[in-house]
Amino acid sequence: MEHRGLLDNTLLVHDEHDGQHQGAVTFPIYQNSLFTFASVEDYEKAREQLVDSYLYTRGNNPTVKILEERIAALEQGEQARCFASGMAAISSAILSTVQYGDHIICVDQAYGPTREFLGEYLKKFNILTTFVNGSSMEAIKDAALPNTKLIYLESPTSLLFELQDIHACVDFAKEIGAKTIIDNSWSTPIFQKPLTMGVDLVVHSLTKYMGGHSDVVAGVVVGNKELITNINKNEHLLLGGILSPQNASLLLRGMRTLAIRMEQHQKSAFEIASFLEKQPFIQKVNFPGLPSNPFHSLALKQMFGFGSLLSFETDLPYEVVKEMVNSLKMFRIGVSWGGYESLVTLHRKNDTNIQVVRLYIGLENVEDIKADLKAAFEVLTKEKV
Ligand SMILES: Cc1ncc(COP(=O)(O)O)c(C=O)c1O
């Protein structure tokens, strides 16, 4: 489906009647590994256009393609390529931009496995990464070397929700001839469109908000035709971490409600973040939507809204905070986020006595979520006394 200037909600919901598939209202799942041809000539033609034709599902599949076109339109990019997981998309995007011996700059708060891939795995190709405080343009600039070929961003980051100045990073990358990649999972294209700010490639864990129902693991890379064609021919086809048609169909379904879900998540997150800010035992609420947050003004420049994954910091002892987390009823303890259900995880802040509680605010009624937190905080206050 081409992006015809439709607004996001319409883009997600409206399909044209194209006269195909008996008018089926949802796009069918092409559950087949290969495609067959009426003649050798047709088969040979398809082989010549391996990336664009339907020959074998590792190369292309109509259900996956529909999803890719929808995501490309949402991100206002030319093309998208889906993968079996966010990490498959991230590692493929990174590999597509660097060669043996190159140097990469990455935000030090980026998702853990991304950091491991960059900092450890790529060493065997003599590709070294410098991790920097992404909120400091000075730190990013200072890290640049003559062989820097990639600046990897994640804005906001997913534990402390720190932002990078995307425009400034893009300008600097262009100056030194490096590419930029950004992990846009937290904001989704509903609330941030990095390609419109000049970023080269956007990656997502579609497992999160895009899927939205905690029932699929998937990823995507979005960018211009040249960069995605390169990924199609190499990392996608050769490493083979493709998205299955079944999972593509689950994503197409989940994304129907992405825009309205994000509106609701944002509303609830504001309410909960403001509530957290008033708690005397909380020293810091990490949510860029709060006017008091140090990244708020930058957020207003480059984002249209806010996701509902946030965290708070407290200097109460770990055991006490653990007891509080255990007493929560509305929040289930678990990794990931972006589904309908509220989630919580507990972290120790590196080299400090600070505990970080990460909350994912789901789609339950916000009053129930707040009541649950209130009850848990009572436990905590009692423990403290
Ligand atoms: C910010 C972020 N990026 C990427 C990923 C990786 O995605 P996946 O688990 O789909 O491979 C995650 C997963 O938690 C994440 O939180």
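In the predicted model, the protein chain contains 14 helices and 12 strands. The radius of gyration of the chain is 22 Å, close to the 21 Å that the globule rule gives for 385 residues, so the chain is as compact as a globular protein of that length. Taken along the principal axes, the box filled by the C-alpha atoms is roughly 80 × 55 × 35 Å, and buried residues account for 52% of the 385 residues in the chain.

Two of the helices may be described individually, beginning with α4. Helix α4 has 12 residues and reaches 17 Å from its first C-alpha to its last, a span close to the 16 Å expected at 1.5 Å a residue. This helix is mostly covered, with 10 of its 12 residues buried; the buried positions are G86, A88, A89, I90, S91, S92, A93, I94, S96 and T97. Helix α11, which runs over residues 258-277, has 20 residues and reaches 28 Å between its first and last C-alpha atoms, close to the 28 Å expected at 1.5 Å a residue. Among the buried residues of α11 are L258, A259, R261, M262, H265 and Q266, and the list continues along the helix with S268, A269, I272, A273, F275 and L276.

Strand β1, comprising residues 79-83, includes F83. The relative accessibility of F83 is 1%, and buried means under 20%, so F83 counts as buried. The C-alpha atom of F83 is separated by 4.9 Å from that of G219, although the two residues are 136 residues apart along the chain.

The empty space in the model was examined next. The largest pocket holds about 760 Å³ of space, and its lining is made up of 33 residues, of which A110, Y111, G112, S158 and R358 lie nearest its centre. The elements that give two or more residues to this lining are the helices α4 (86-97) and α5 (112-119), together with the strands β11 (343-348) and β12 (355-360). Helix α4, mostly covered as noted above, is thus also one of the elements that contribute to the pocket lining. By class, the lining of the largest pocket divides into 13 nonpolar, 12 polar and 8 charged residues. Both domain 1 (8-30 + 61-255) and domain 2 (258-384) are represented, with at least three residues of the lining drawn from each.

Apart from the pocket, the count of cavities of 30 Å³ or more comes to 2. The largest cavity has a volume of about 40 Å³ and is lined by T57, G59, N60, N61, V64, R81, H236, I242 and L243; this lining consists of 3 nonpolar, 5 polar and 1 charged residues. The second largest cavity contains about 30 Å³ of space, and the residues that line it are L50, V51, G59, R81, N232 and L237, which divide into 3 nonpolar, 2 polar and 1 charged. G59 and R81 therefore appear in the lining of the largest cavity and also in that of the second largest cavity.

How values were computed
Residues numbered from 1 in each chain as written. Predicted model: local features only at pLDDT ≥ 70, side-chain atom pairs only at ≥ 80, totals over all residues. Heavy atoms only, no water. 1 Å grid on protein atoms, 1.4 Å probe; cavity = no way out; pocket = protein on both sides within 12 Å on 5 of 7 lines; lining within 4 Å. Points joined across faces, edges and corners; volume = space filled by probe spheres on them. Helix = DSSP H or I, 4+ residues; strand = E, 2+ residues; numbered from the N terminus. Nonpolar A, V, L, I, M, F, W, Y, C, P; charged D, E, K, R; others polar. Domains from an automatic or database assignment. Expected span 1.5 Å × (residues − 1). Buried < 20%, exposed > 50% of the residue type's maximum accessible area, 1.4 Å probe, protein only. Rg over C-alpha atoms; globule rule 2.2 N^0.38 Å.
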